[in-house]
Amino acid sequence: MRKIFLTGMLTWGLAQIGWSQVTFPRNGVYDERPGLYAFTNATLIVDPQTTLEGATLLIRNGRIEAVGKTVSIPAGTVVADLKGKRIYPALVDIDSDYGMPELRRTPPAGGRGVPQYDSNKKGAFNWNQAIQPETDAGTIFKANVAQANELRKLGFGAVVTHPHDGIARGNSVLVTLADDRENNVVIRDRVSGHYSFSKGTSTQTYPNSPMGAVALLRQTYYDADWYKKAGKTTESNLSLDAFNQLQTIPSVFEVPDKLGVLRADKIGEEFGVQYIIKSAGDEYQRIDEVKATGASLIVPLNFPQAYDVEDVWDADNVTLAELKHWEMAPANPAMLAKAGVPFALTTANLRNKTDFWANLRKAIDYGLTEQQALAALTTTPAQLLKIDNEVGSLKPGLLANFIITSDNLFSADNVVLENWIRGKQYVYSDKNAADLRGTYNLTIGDRSNLKLTITGKPGKPEYAVMADTVKITPKVALTNDLISLQLQLDKKQPGATRLSGYRVDEKTLKGEGELPDGKTVKWTAVLAQPFSSTAVAKADTSKKTAPQFGKLLYPFIGMGNLEKPKAQTLLIRNATVWTNEKDGVLPNADVLVQNGKIAQVGKSLAAPAGAQVIDGTGKHLTTGIIDEHSHIALYSINEGGQTSSAEVRMSDVINSEDINIYRQLAGGVTTSQLLHGSANSIGGQSAIVKLKWGEAPQEMLVKGADGFIKFALGENVKQANWGDGVRIRFPQTRMGVEQVYFDHFTRAREYDSAWKAYNSMNAKEKAKAVPPRRDVELDALAEILNKKRFITCHSYVQSEINMLMKVADSLGFKVNTFTHILEGYKVADKMAKHGVGGSTFADWWAYKMEVKDAIPYNAALMARAGVLVSINSDDAEMARRLNQEAAKAVEYGAMSEEDAWKMVTLNPAKLLHLDSKLGSIRAGKDADLVLWNNNPLAIYARPEKTIIDGTVYFDLQDEDRKRDDLQKERARLIQKMLSAKTGGASTQRPTFRRQRMWHCEDVEGVMAEGEEREAETK
């Protein structure tokens, strides 16, 4: 009974201390206690590297006073003997929303809803609702008993919490999980600043795309810097003030996927910030690139459920990437640890918080060591946010946040007995309760053929009674050493036998009971066999052999590579070589590739040592196809929230995992200009990429390429065909479009002049001057005026084409390329005079009123007028057969085969200012080559090899093997999922999703063709 009394005394005493607050008056007698407690004879895990056996933990007034084997215990200390128990630091979660207000999101309007261009937030705050750095988590935090208890049961003692809302989300607060007033729960405010790519609950139209989110955050960094230096004399902005304050504390950036890690780090590099990145759990798929960022991660344990793939048609809706991620996601923490990437673990994103320990133990099964797991839940999160002087270990001076466990924390049989938070006790299982597990000989009255088995966990036993071969599940109540059982001994004789008794010693239970007929009996249970799996339960789970799983793919989708392709020395012999140079088409010629470049072109070339020799006999070798107008490999293409989106960059949203990259390699495409769409008169900045299948986005970008930007004319930009609810944004007429250009370029010229004047000042003059505000939108337009960025303009009708050329002439800039240009044949002479190129379709016409005058002779007619002409796709499917699109110029315009071929190779290279590197086969140029099985303009032509920078990225001979491997891997994973379901694993229903094939007019959030039907079925 002494142990029971001690537990009760601890609980009562600590309750008094927990509610004591120095500045709060009390209604009653003051009862001050020293809060002095010692826990002796414990296995004390001080931190992941330090374990003390038979040690003592001494706490006073909610702080740790001493730790060790020779701790002197002061008089008056309440002592608890924890022999056989373990004490761990309480766990720490640094990405929580505990105690934050519920986010109320406005349901999106169907289709294109009525736009909201201005912020509806009152006060001297930022112009955009998604930028809310002024949000102070400490002032809006409210303790939540139910949420706190849920986390305490798991072993957590403190969390860093913030509202997960917006792009700039404000600061966070460190709180304990005690049931107490906020004054006693809050430990430290303004712990970290938080950011994301999600606008959250903002109802403002801008941004409506990931690239817009990046641009908005980028502009906010520049605005905050300007405000700090000079802006306060111009305006009052509480948001920018708060944003600057965030820069003095650790910065945490939440991302949606592995490529988001790289995107966020790129922003950090631009502004000298090393983010801590809250990842999505798939970063193992780009482990090398993630490590290269140097970022520490906060990693969720939200492993996906298996898919229900019993139905063959359902199974077809699950991609290989989804199948493989289900299998490999539990290995993510172990792979990060092996790569040396620092990380903390979080309960965030779990479907149910109760999945936490099962998922963590699964991660340990997949190779994460227990020491690494403990560090990721204690010392690492504390160190990342610089709160390790408060929580994360059991060291003198830190908060008395610790948990008492029955066993190794990571053992499946472990029970969290107590969670102490700031010296306050929360009991979840009696730590003094005897372990009754085992098999007992049970005698009830004159019946002795009974066995009582007690299994399960020490704090959560499971009971069964065997009457010969019949299993009976009794109802049991256990309180300290008292036990009661209720069971039906004989199914033929209804009624319950009720037993009450007590624990005599470690091996015996006894007491009295009553049979269904009212007869009183005595009963005993004598231990015959101790619980047999005790030794297994106490084994170090980190020593288990990790499960076997499939290999990584680069990229991590079907048709990905087991290894990233590498450059080789290649000699292609005896091919028909289309040089696109003055030599024309060379029969039976050789091309030598070394170090990613074309080294030699000629006949009977010698093969260097180690070169791979490719027989080109009967085949045609060309330079790679260049698509001047593409929207593949992008997460979104239109930022339509404003009239001009010159600030957005397509390089911020490259999707290197897009299967269209591989498909277009199979069609001979090696380079694409990824363009913004046509939602704005002034669109976003282009990205020019090489289709390097398996590389990360940054490695796909063409190094040293000039900057380009998309402009647009016509119906899309004035939104006249979007419905009456959207007819708010300027411009609403073609005349208004013209004024947009005059207005923006006039402001850009003034902006450029202001910067040039400031930059021309000497140091002394600059010290007295106010620098202009950096505007990333006007930066791009000023680059056009300074001939550092070049325009590709979406265009259809001749009147608008003439208009933009006149605007350009009057403002002193040039239009580089008119794309689409379907009425170009009408104004080809004027285009030639202006010096603008035309990038057109081969034969798309009459798909809307603007193009009713389009003709298939357009390309040839413009070329004959002296316009530099290319043929583009603007379509993921058409890009796979641009060779055939070029051939149509022969059919419709009597172009020569060589001139037609140049329309998809050399001419787009010239339009993109890359003809010194690309577009022809000449020594010194990039080795971007395609080996065809036929004349490349023939409908029978098919690439056998597509080479970029001397690396083979598509090989027809490898195609069948890849498809076979894909099918085998799918089959293996499906069988594994079927087994998982049979074994009791929860599953999810596969969902059909149509891949978005972007076109100029597509807007983020507006449904693609076929998606409406899917939404209706939900």
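How many aromatic pairs does the structure hold? The structure, which is a predicted model, holds 33 aromatic pairs, and several stops on this tour return to the rings that take part in such contacts.

**The whole chain**

Before selecting anything, show the complete protein chain, whose C-alpha trace spans about 110 × 70 × 60 Å along its principal axes. The secondary structure of this chain comprises 29 helices and 44 strands, and of its 1018 residues, 57% count as buried.

**Trp-127, Tyr-206 and Pro-207**

Select Trp-127 and Tyr-206 and display their side chains. Their ring centres are 5.7 Å apart and their planes meet at 35°, so the pair is described as tilted, given that stacked requires planes under 30 degrees apart and edge-to-face over 60. Trp-127 belongs to the loop between strand S6 (91-96) and helix H2 (137-140), while Tyr-206 belongs to the loop between strand S9 (186-196) and helix H5 (210-229), and the pair therefore ties together parts that are 79 residues apart in sequence. Are these two residues buried or exposed, or does each fall in between? Trp-127 counts as partly exposed because its relative accessibility is 39%, whereas Tyr-206, at 4%, counts as buried.

Keep Tyr-206 selected and add Pro-207, which has its place in the loop between S9 and H5. The peptide bond that joins Tyr-206 and Pro-207 is cis, with an omega of about -5°. For another cis bond, move to Tyr-554 and Pro-555, where omega is near -5°; Pro-555 is found in the loop between helix H15 (534-537) and strand S27 (570-578).

**A cluster of rings, and charges over rings**

Next, select Tyr-195, Phe-197, Tyr-221, Tyr-222, Phe-243, Phe-253, Phe-271 and Tyr-275, which ring pairs link into a cluster. With Phe-197 of this cluster centred in the view, add Arg-263, which lies over the face of Phe-197 at 5.2 Å from the ring centre. A further contact of an arginine with a ring can be found by selecting Arg-152 and Tyr-426, where the charged end of Arg-152 sits over the ring of Tyr-426, 4.0 Å from its centre.

**Strand S7 and its partners**

Now select residues 156-161, which make up strand S7. Why can this strand be called largely enclosed by the rest of the structure? The reason is that 6 of its 6 residues are buried, where buried means under 20% relative accessible area.

Add S6 to the selection, and the two strands S6 and S7 are seen to pair in the parallel sense over 4 bridges; to locate one of these contacts, look at Val-92, whose bridge partner in S7 is Ala-158. Then add strand S8 (residues 168-176), which runs antiparallel to S7 and is joined to S7 by 4 bridges. Thr-161 stands opposite Val-173 in S8. S7 and S8 form a hairpin with 6 residues between them, and in the turn Gly-166 has a positive phi of about 105°.

**Two aspartates with positive phi**

Positive phi also appears at residues other than glycine, and Asp-468, with a phi of about 60°, is one of them. Asp-468 lies in the loop between strand S20 (460-467) and strand S21 (470-472), and because its relative accessible area is 56%, Asp-468 is exposed. Compare Asp-874, which is likewise not a glycine and has a positive phi of about 55°. The place of Asp-874 is in the loop between strand S40 (869-871) and helix H25 (882-893), and, at 6% relative accessibility, Asp-874 counts as buried.

**A nonpolar patch**

Switch to a surface representation and select Leu-482, Tyr-502 and Val-504, which together make a nonpolar surface patch of about 280 Å². Val-504 is found in the loop between strand S24 (497-503) and strand S25 (508-514), and its relative accessibility of 41% is why Val-504 counts as partly exposed.

**A last distance**

To finish, select Asp-288 in helix H8 (residues 287-292). Asp-288 counts as exposed because its relative accessibility is 52%. Draw a distance from its C-alpha to that of Leu-882: Asp-288 and Leu-882 are 35 Å apart in space and 594 residues apart in sequence.

Conventions. Residues are numbered from 1 along each chain as its sequence is written. This is a predicted model: local features need pLDDT of at least 70, side-chain atom pairs count only at pLDDT 80 or more; totals for chains, interfaces and linings use all residues. Side-chain values use heavy atoms; hydrogens and water are left out. Patches are made of residues with over 30% relative accessible area and no salt bridge: like charges are joined within 9 Å, nonpolar side chains (Val, Leu, Ile, Met, Phe, Trp, Tyr) within 5 Å. Accessible areas come from the Shrake-Rupley method with a 1.4 Å probe; for residues, only the protein chains shown count as cover. A salt bridge is a side-chain nitrogen of Lys or Arg within 4 Å of a carboxyl oxygen of Asp or Glu. Buried means under 20% relative accessible area, exposed over 50%, partly exposed in between (1.4 Å probe, protein chains only). Rings of Phe, Tyr and Trp (its six-membered ring) pair if their centres lie within 6.5 Å; planes under 30 degrees apart count as stacked, over 60 as edge-to-face and the rest as tilted. A charge sits over a ring if NZ of Lys or CZ of Arg is within 6 Å of the ring centre and within 35 degrees of the ring normal. Two strands pair if DSSP finds at least two bridges between them.
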